Amino acid sequence: MQMAAFVGSAALGCGEVRARAASARTAPAAGRRTSRRAAAALSMVTSAKPSRKMSTETSPVTLTRFIIEEGMENADLIHLKDMENLMAAIALACKKISSLVARAGLSNLTGLEEGGGSINVQGEEQKKLDVLSNEVLKNALRFSGKMGIMASEEEDKPVLVDELTSGSYIAVFDPLDGSSNIDANIATGTIFGIFEDNAECLTQDWEDRIEERELQCMYGTMQPGTNLVASGYCLYSSACMLVLTFGNGVHGFTLDPTIGEFLLTHYDMKIPEDGKIYSFNEANEANWDPVMRDMLSRWKERGYSSRYIGSMVGDVHRTLMYGGIFGYPGDKKNKTGKLRLLYEAAPMSHIIEQAGGVSTTGTERIMDLNPQAVHQRVPVILGSKNLVNEVVEAYKQAK
Ligand code: FDP
């Protein structure tokens, strides 16, 4: 019976099927037989053209399929073609890092690199997994064939990709953010941003002026967030999730460990305009400026909840999903806070803005900041539009 209805309706044009189905919905006098046929026809219309926005068991939207289809739908986003290779490289690195993190306790990968002797350029002790994740991500990007320069939290200077494998994009990344949590199996993540080429660095004939070239390339990485063509993070938690933007909305992909693929699970993510969760390291409150201290007491008076993992990717992801406000403001000891502009603040601001939220230092939009140094730190306050705008307003009033 069902088959007959399907075949019968397949012969109709879409408009006719819709019209018949609509008349079946609106005409109570119509016989039972007609309504059933019309309903079957309507379901055929929807099922014959499955939405690519949804992952299903039978037609999962993989990351690669999503990028190809986005490219076809948005001819103006010309960089999307290159993103296929680049995102495949990043996805591979995320899968590898996710597996290293999950098995760290089993494979002697917890603890500090060199037993504590390895310090990065920012004076932080590197964990074994910081170093390993950096290598994994660098190698994956290098062999994407699309990379010209890479700047990592774990490297002193931006790294040039050797000519054999090089392309023209610039990647900035923190390979394992929140790694102080790693030995306790708490959520961590990878954050990345992609800029387009720095023509001056790549096209000039530098001959043996290598140092000069390095300097020029270093400047190439120092672009404001508004120049980012893609940003994202990978969350290593109860599930491994890749959340990204190509400047055209935010989309989330969950790693299906049974097939080893990132599948689209969160299409066009939007951050709630309001929220009741604040996420700050309150232990620093005494050193905050009066504006931030006042904001904190307002949130407490309103009965908001406090949630702070101390792992930026986890805290920002929760803020994106549930709404609220996350931040690491400057304080008396560290005037510019703790988070790095290029590979933490800017890519996360790109994501939050693309999801409809706001990201600021309190007085300036983070996406507009022109980096003065590769490892520059900035105060960060981001999240739900109404909550963050209230902070911005408070800073304006305090002037
Ligand atoms: P971590 O030092 O563990 O790598 O910038 C790094 C970061 O974690 C962020 O992920 C996190 O939001 C912040 O530092 C936590 O800093 P506090 O411990 O000072 O709160």
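A polar contact here is a pair of N or O atoms within 3.5 Å. Keep that cut-off handy for the exercises below, and remember that you're working on a predicted model.

**Exercise 1. The ligand site**

Work out which polar contacts hold the ligand's oxygen atoms at Asp177, Gly178 and Ser179, using the 3.5 Å cut-off.

*Solution.*
Step 1: Get your bearings. There are 14 residues around the ligand, and Asp177, Ser180, Asn281, Tyr308 and Tyr328 come nearest.
Step 2: Start with the side chain of Asp177, where an N or O atom sits 2.5 Å from an oxygen atom of the ligand.
Step 3: Move to the backbone. Gly178 puts a backbone N or O atom 3.0 Å from a ligand oxygen, and for Ser179 the backbone distance to a ligand oxygen is 3.4 Å.
Step 4: Now for the cover. On its own the ligand has 460 Å² of accessible area, and the protein covers 84% of that.

**Exercise 2. The sheet of 8 strands**

Find the strand order of the open sheet of 8 strands, then say which strands stand at its edges.

*Solution.*
Step 1: Read across the sheet: β2-β1-β3-β4-β5-β6-β7-β8, with mixed pairing.
Step 2: Look for strands with a single partner. These are β2 (159-160) and β8 (261-266), so each has one side without a neighbour in the sheet.
Step 3: Check a pair. β6 (residues 240-245) and β7 (residues 250-256) run antiparallel and are joined by 5 bridges; Thr245 has Val250 in β7 as its bridge partner.
Step 4: See what packs on the sheet. Helix α10 touches β3, β4, β5, β6 and β8, with its direction at about 105° to that of β5. Helix α11 (residues 341-354) touches β1, β3, β4, β5, β6 and β7, and its direction makes about 100° with that of β5.
Step 5: Finish at the β8 edge. β7 and β8 pair antiparallel over 5 bridges, and Phe253 is matched with Leu264 in β8. The two strands form a hairpin with 4 residues between them, and Gly260 in the turn has a positive phi of about 70°.

**Exercise 3. The sheet of 5 strands**

Trace the open sheet of 5 strands and place helix α10 against its strands.

*Solution.*
Step 1: The order is β10-β9-β11-β13-β12, again with mixed pairing.
Step 2: β10 (305-306) and β12 (358-360) are the edge strands, each pairing on one side only.
Step 3: Take the β10 end. Strand β9 (residues 277-279) pairs with β10 in the parallel sense over 2 bridges, and Tyr278 has Ser306 in β10 as its bridge partner.
Step 4: Add the helix. α10 (residues 312-322) lies across β9, β11 (325-328) and β13 (380-383), running at about 155° to β11.

**Exercise 4. A salt bridge in a helix**

Explain why Arg65 and Glu69 are about one helical turn apart, and give the distance between their closest N and O atoms.

*Solution.*
Step 1: The pair forms a salt bridge, with the closest N and O atoms 3.1 Å apart.
Step 2: Both residues belong to helix α4 (residues 63-73), and because they are 4 residues apart there, about one helical turn separates them.
Step 3: For the wider picture, the model has 17 salt bridges when a side-chain nitrogen of Lys or Arg must lie within 4 Å of a carboxyl oxygen of Asp or Glu.

Notes
Residues are numbered from 1 along each chain as its sequence is written. This is a predicted model: local features need pLDDT of at least 70, side-chain atom pairs count only at pLDDT 80 or more; totals for chains, interfaces and linings use all residues. Side-chain values use heavy atoms; hydrogens and water are left out. Two strands pair if DSSP finds at least two bridges between them. Contact means heavy atoms within 4.5 Å. Axes are lines fitted to C-alpha atoms, for helices over the stretch in contact, and angles run from 0 to 180 degrees between N-to-C directions. A residue is near a molecule or strand if one of its heavy atoms lies within 4 Å of it. A polar contact is a pair of N or O atoms within 3.5 Å; within protein, one must be able to donate a hydrogen and the other to accept it, and residues adjacent in sequence count only if both atoms are side-chain atoms. Accessible areas come from the Shrake-Rupley method with a 1.4 Å probe; for residues, only the protein chains shown count as cover.
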